[in-house]
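Open the model in your viewer and keep the selection box handy. This tour says what to select next and what is there.

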Amino acid sequence: EVSPDTCRLWDMTTNEKLSMLREKMAEAGVQAYLIPSSDPHISEYLPDHWRARAWLSGFDGSAGTLVVTETESGLWTDGRYFIQAAKQLEGSGIDLYKEMLPETPSILDFLRENLTANSVVGIDGKVFSTTQAIALQEDLAKNDITVKSIADPMNEIWTDRPPMPEAPAFIHEMKYAGKSCPDKLAAIRREMKRSEADVLLVSALDEIAWTLNIRGNDVHCNPVVVSYLIINEQETHFFIQPEKVTEELSAYLEEAGVTIHAYGDTESFVTRIPDGSIMLDMGKTNYAVYSALPP
């Protein structure tokens with residue numbers, strides 16, 4: 001089901017959108033660009049703000065990756081969407097690649113076939129997990145192809161892009177949570193000490209919701225809040241859009257010893273983390289945040 005806010009996302013033709021993207025690719029010095037079905041928290045269900053692959057291609061199934069080079073473009077998706085994708089891509093100039101069929105090349109094979117040595121593949125590091133980005137770099141390096149994280153070109157070409165989710169976050173009551181936020185933070189710190197970790201960086205939205213006993217309406221089918229959480233021995237830092245924090249939630253978090261920061265300040269904050277050991281899940285932490293960490 002497509003929300004009303006999404007209905008206006010397909011006003012321009014796909015060719016016009018791809019042409020604009022290729023202009024931004026040229027400015028960034030990349031010969032190919034990858035657009036996955038993902039957000040900065042590697043979520044399965046996406047807020048409209050991060051449905052760039054759907055906006056660019058016209059294919060609005062939940063799973064798929066769009067690859068655009070200077071002259072070619074292809075969309076990879078699985079068997080659930082072969083018929084839908086064929087219909088929605090018709091006339092777009094985007095080729096459909098049916099995943100898991102023996103004749104279908106992988107995205108890596110496509111890039112190797114369509115790019116020359118010393119080419120650069122662009123990604124938005126915010127929507128690739130660290131695991132994915134490093135694996136992509138290592139695989140393409142064998143063909144002397146570089147992977148480069150660039151500023152999200154959608155910010156400039158997607159002029160009617162839906163805003164980030166704006167619904168207020170709310171407290172998940174103790175009678176449902178079963179354990180208080182301070183108790184959960186204390187348990188987490190015990191595990192951090194056991195693992196000799198000075199800092200824990202949490203990007204997965206379900207883990208943040210559980211830890212802080214909060215809920216939200218940011219993601220369809222999931223009661224979570226778009227945010228980051230950083231925990232050290234004595235402090236807890238919560239990164240969220242300020243307009244999503246009610247007076248009640250602000251007082252609750254303050255009482256639990258949680259400091260609120262703007263969502264957009266996450267990367268600049270992690271650059272200032274003191275020397276020490278940082279614990280994170282590379283499969284759930286996006287590559288842009290990971291790259292901002294001190295060496």
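The stops below run from the core to the empty spaces, then to one helix and a few single residues. Keep in mind throughout that this is a predicted model.

**Stop 1: the core**

Select Leu34, Val67, Leu111, Val121, Ile123, Leu140 and Ile230. They belong to the largest nonpolar core, which has 38 residues, and they touch the most other members. In soluble globular proteins, nonpolar side chains tend to be buried together.

Now centre on Leu34. Which residues does Leu34 touch, leaving aside those up to four places away in sequence? Show Leu66, Val67, Ile107, Leu111, Val121, Gly122, Ile123, Phe128 and Leu136. Val67, Leu111, Val121 and Ile123 are also among the core members with the most contacts to other members.

**Stop 2: the cavity**

Stay on Leu34, which also lines the largest cavity. Rolling a probe the size of a water molecule over the atoms shows where empty space is left. The structure holds 1 cavity of 30 Å³ or more. The largest cavity contains about 110 Å³ of space.

Select its lining: Tyr33, Leu34, Ile35, Pro36, Ser38, Trp50, Ala52, Asp124, Val127, Asp152, Met154 and Arg161. Which strand gives the most to this lining? Colour strand 1, residues 32–35: it supplies 3 residues. Colour the lining by class next. You should get 8 nonpolar, 1 polar and 3 charged residues.

**Stop 3: the second largest pocket**

Pro36 leads on to another space, since it is also in the lining of the second largest pocket. About 340 Å³ of space lies in that pocket. Its lining has 18 residues. Select Pro36, Thr65, Ile107, Phe128 and Gln132, which lie nearest the centre. Two of the names are familiar from Stop 1: Ile107 and Phe128 touch Leu34.

Add helix 4 (107–114) and helix 5 (130–141). Each supplies at least two residues of the pocket lining. By class, the lining splits into 9 nonpolar, 8 polar and 1 charged residues.

**Stop 4: along helix 4**

Keep helix 4 on screen and select Asp109, which is found there. Asp109 is partly exposed, at 40% relative accessible area. For scale, draw a distance from its C-alpha to that of Val226: 34 Å, across 117 residues of chain.

Move to Asn114, also in helix 4. Asn114 is partly exposed, with a relative accessible area of 34%. Beyond residues up to four places away in sequence, Asn114 touches Thr69 and Glu72. Thr159 is 45 residues from Asn114 in sequence, and their C-alpha atoms are 30 Å apart.

**Stop 5: Val120 in strand 5**

Select strand 5, residues 120–123, and pick out Val120. Is Val120 buried or exposed? Val120 counts as buried because its relative accessibility is 16%, and the cut-off for buried is under 20%. Leaving out residues up to four places away in sequence, Val120 touches Gly29, Val30, Gln31, Ala32, Thr146 and Lys148. Draw a line to Leu66 too: the C-alpha atoms of Val120 and Leu66 are 16 Å apart, with their places 54 residues apart along the chain.

**Stop 6: helix 10**

Select helix 10, residues 247–255. Leu249, Tyr252 and Leu253 are buried. Why are they on the same side of helix 10? They cover an arc of only 95 degrees around the axis. An α-helix has 3.6 residues a turn, so residues three or four places apart point the same way.

Turn the helix over. The face away from the buried side carries Glu247, Glu254 and Glu255, which are exposed. Then show what the buried residues pack against: strand 7 (170–171), helix 8 (181–194), helix 9 (205–212), strand 9 (214–215), strand 11 (236–240) and strand 12 (258–262). After helix 10 comes Gly257, with a positive phi near 80 degrees.

**Stop 7: two more backbone spots**

Most residues other than glycine have a negative phi, and most peptide bonds are trans. Select Asp144, in the loop between helix 5 and strand 6 (146–149). Asp144 is not a glycine, yet its phi is positive, about 60 degrees.

Finish on Cys221, in the loop between strand 9 and strand 10 (228–232). Its phi is also positive, near 75 degrees. Cys221 is exposed, at 55% relative accessible area.

Definitions and conventions:
Residues are numbered from 1 along each chain as its sequence is written. This is a predicted model: local features need pLDDT of at least 70, side-chain atom pairs count only at pLDDT 80 or more; totals for chains, interfaces and linings use all residues. Side-chain values use heavy atoms; hydrogens and water are left out. A nonpolar core is a set of buried Ala, Val, Leu, Ile, Met, Phe, Trp, Tyr and Cys residues joined through side-chain atoms within 4.5 Å. Buried means under 20% relative accessible area, exposed over 50%, partly exposed in between (1.4 Å probe, protein chains only). Contact means heavy atoms within 4.5 Å. Helices (H or I, at least four residues) and strands (E, at least two) are DSSP runs, numbered from the N terminus. The arc is that of the directions from the helix axis to the C-beta atoms. On a 1 Å grid over the protein atoms alone, a cavity is a set of points where a 1.4 Å probe fits but cannot get out, and a pocket is an open set with protein on both sides within 12 Å along at least five of seven lines; lining residues have an atom within 4 Å of a point. Grid points are joined across faces, edges and corners, and a volume is the space filled by probe spheres set on the points. Ala, Val, Leu, Ile, Met, Phe, Trp, Tyr, Cys and Pro count as nonpolar, Asp, Glu, Lys and Arg as charged, and the others, Gly among them, as polar.
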